[in-house]
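Dear colleague,

I am handing over the structure below, together with some notes for a reader who has not seen it before. Please have it open while you read.

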Amino acid sequence: MNDKQKVFCIGMNKSGTTSLQTLLSDHGYTIGNQLEGEMLLKNFENMENGTIKAYFSKCDAHQDVPCSIPNFYKRLDHIFPNSKFILTIRDNPEIWYNSLISFHTKIFSSTDSLPTFSDLMNSTYCYKGWIVDCMKVIFNYPTIPLYDKTEYIATYSNHTKAVKEYFLSKPKQLLILNLSEKNGVENISNFLGIKLLKNYKMPWLNRGIDVKI
């Protein structure tokens, strides 16, 4: 690992986190092993700070689960003070929701419709039923039905609002980033204090539907 300031990408999945990861990697940041991080999901609420520190200390930058779990950024900020946090967002919550359900339908469903509980339980990503555990932790399943549009959009919106409020007193630690807007690359460069590769353009990975979580 090099001596770059630690960066946590705390946008919810399907908000451009993979594209941001690629930009950071292209500019010399070591990226945390995503599968290893996702395997922490089931017990993240009970994880000791030492366990969290051991995993996140290995690399410069991390994204997606568990970084994208609402409120987890508070623990990361406590364990790694003065780190940088990037909140990726979409043009509006409905675009994010449509991207999420399109992705889940493509990856997890046995039909052309939204995945059922059985579909999710039979998925072997990480381990069998991992995605159900993910829905429990992030979207409060089964209290909230799977893919309830109103509730999922509320979760996304509340996460965005809570992050903004948390960092009000330390604005230099947070960048809110919409990858579809102009100057996104320059904003990241200024926020992190890095020099961009010549003629570098924002990578558009996992745009629409892809096979990656």
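Please keep in mind throughout that this is a predicted model. I start with one strand and work outwards from there.

Strand β3, which spans residues 84-89, is mostly covered, with 6 of its 6 residues buried. The side chains of K84, I86 and T88 point one way from β3, while those of F85, L87 and I89 point the other way, and all are buried. This fits a general pattern, in which the side chains of a regular strand alternate between the two faces of the sheet.

On one hand, β3 is joined by 3 bridges to strand β1 (residues 7-9), and the two run parallel; within this pairing, V7 stands opposite K84 of β3. On the other hand, 5 bridges join β3 to strand β4 (residues 174-178), again with the two strands running parallel. In that pairing L87 has I176 of β4 opposite it, and I89 has N178 of β4 opposite it.

These strands belong to an open sheet of 4 strands in the order β2-β1-β3-β4, with parallel pairing. The edges of this sheet are formed by β2 (61-63) and β4, each of which pairs on one side only. From one strand to the next, the twist averages 20 degrees. Helix α8, covering residues 149-166, packs on the sheet and touches β3 and β4, and its direction makes about 150 degrees with that of β3. In general, strands of a sheet pair through backbone hydrogen bonds, either parallel or antiparallel.

The next point concerns two helices. How do the axes of α3 and α4 cross? The axes of helix α3 (residues 49-56) and helix α4 (residues 72-79) come within 11 Å and cross at roughly 80 degrees; angles of 65 to 115 degrees count as roughly perpendicular, and α3 and α4 are therefore roughly perpendicular to each other. On the α3 side the contact is made by N49, I52, K53 and F56, and on the α4 side by F72, R75, L76, H78 and I79. Sorted by class, the residues in this contact of α3 with α4 are 5 nonpolar, 2 polar and 2 charged.

A single glycine also deserves a careful look. G32 is found in the loop between α1 (17-26) and α2 (34-38). Is G32 buried or exposed? Its relative accessible area is 13%, and because buried means under 20%, G32 counts as buried. Leaving aside residues up to four places away in sequence, G32 touches Y55, C59, A61 and H62. The C-alpha atoms of G32 and Q63 are separated by 7.7 Å, although these two residues are 31 residues apart along the chain.

Finally, a word on the cysteines. The structure holds 0 disulfides. C9 is in no disulfide, and the nearest cysteine sulfur to its own, that of C67, is 7.2 Å away. For C67, likewise in no disulfide, the nearest cysteine sulfur is that of C9, at 7.2 Å. A disulfide would need the two sulfur atoms to be within 2.5 Å. C9 counts as buried, at 1% relative accessibility, and C67 counts as buried too, at 0% relative accessibility.

With kind regards

Conventions. Residues are numbered from 1 along each chain as its sequence is written. This is a predicted model: local features need pLDDT of at least 70, side-chain atom pairs count only at pLDDT 80 or more; totals for chains, interfaces and linings use all residues. Side-chain values use heavy atoms; hydrogens and water are left out. Axes are lines fitted to C-alpha atoms, for helices over the stretch in contact, and angles run from 0 to 180 degrees between N-to-C directions. Angles under 35 degrees count as roughly parallel, over 145 as roughly antiparallel, 65 to 115 as roughly perpendicular and the rest as oblique. Contact means heavy atoms within 4.5 Å. Ala, Val, Leu, Ile, Met, Phe, Trp, Tyr, Cys and Pro count as nonpolar, Asp, Glu, Lys and Arg as charged, and the others, Gly among them, as polar. Buried means under 20% relative accessible area, exposed over 50%, partly exposed in between (1.4 Å probe, protein chains only). Two strands pair if DSSP finds at least two bridges between them.
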